[in-house]
Amino acid sequence: MAERPVLYPGPDHPITVTPTPGHVVVTVAGKVVADTRAALTLQESTYPAVQYIPLADVDTSLLEPTATTSYCPYKGDASYYSIPSGGAKSVDAIWEYKEPREAVAGIKEHIAFYPNRVDSIEISE
């Protein structure tokens, strides 16, 4: 098997992880899946910012692990979860880097949601 590349954030591909000011709530099928004031905002290069929510602030009883995985040369290996109550729209709606690379170590034990696979991701003061 070929070695997978390992890349590091820098001027050409910056990545920052900062506390999200305010309150983040994620809902699916009328249920609150996540509710936190401790989210982290990961900003990677020119991609849209992503909210990473502590697992402690997620109703994990609503999640179902899947066999899906992906690889990011900057962040590492991701595993995925579906939200069965959301139906087909919410398959593989969530990802997690269980062992993130050092540059993004703060997202360990946090998950992120695809905005188009949940009903809402609300951020308020």
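**Notes on the cores and the sheet**

1. Starting with the inside: the largest nonpolar core has 17 residues, and the members touching the most others are V33, I53, V58, L63, I83, I94 and F113. Keep in mind that this is a predicted model.

2. Which elements put two or more residues into this core? They are β2 (23-28), β3 (31-36) and β9 (110-113). β2 is the top contributor, giving 3 residues.

3. I53 is a handy residue to click on, being one of the core members that touch the most others. Skipping neighbours within four places in sequence, I53 contacts V24, V26, A34, T36, A39, V58, E109, H110, I111 and F113. Two of those partners, V58 and F113, are also on the list of core members with the most such touches.

4. There's a second core too, separate from the one above and made of 13 residues; among them are L40, L42, C72 and A78. As background, nonpolar side chains in soluble globular proteins tend to be buried together.

5. Now the sheet. Its 7 strands run in the order β1-β4-β5-β9-β8-β7-β6, the pairing is antiparallel, and the sheet is open. At the edges sit β1 (15-19) and β6 (64-72), each with pairing on one side only. On average, neighbouring strands here are turned by 30 degrees against each other, ignoring direction.

6. What does the β1 end look like? β1 pairs with β4 (residues 40-44) over 5 bridges, in the antiparallel sense. To check the register, look at T18: its bridge partner in β4 is T41.

Technical notes:
Residues are numbered from 1 along each chain as its sequence is written. This is a predicted model: local features need pLDDT of at least 70, side-chain atom pairs count only at pLDDT 80 or more; totals for chains, interfaces and linings use all residues. Side-chain values use heavy atoms; hydrogens and water are left out. Two strands pair if DSSP finds at least two bridges between them. Helices (H or I, at least four residues) and strands (E, at least two) are DSSP runs, numbered from the N terminus. Axes are lines fitted to C-alpha atoms, for helices over the stretch in contact, and angles run from 0 to 180 degrees between N-to-C directions. A nonpolar core is a set of buried Ala, Val, Leu, Ile, Met, Phe, Trp, Tyr and Cys residues joined through side-chain atoms within 4.5 Å. Buried means under 20% relative accessible area, exposed over 50%, partly exposed in between (1.4 Å probe, protein chains only). Contact means heavy atoms within 4.5 Å.
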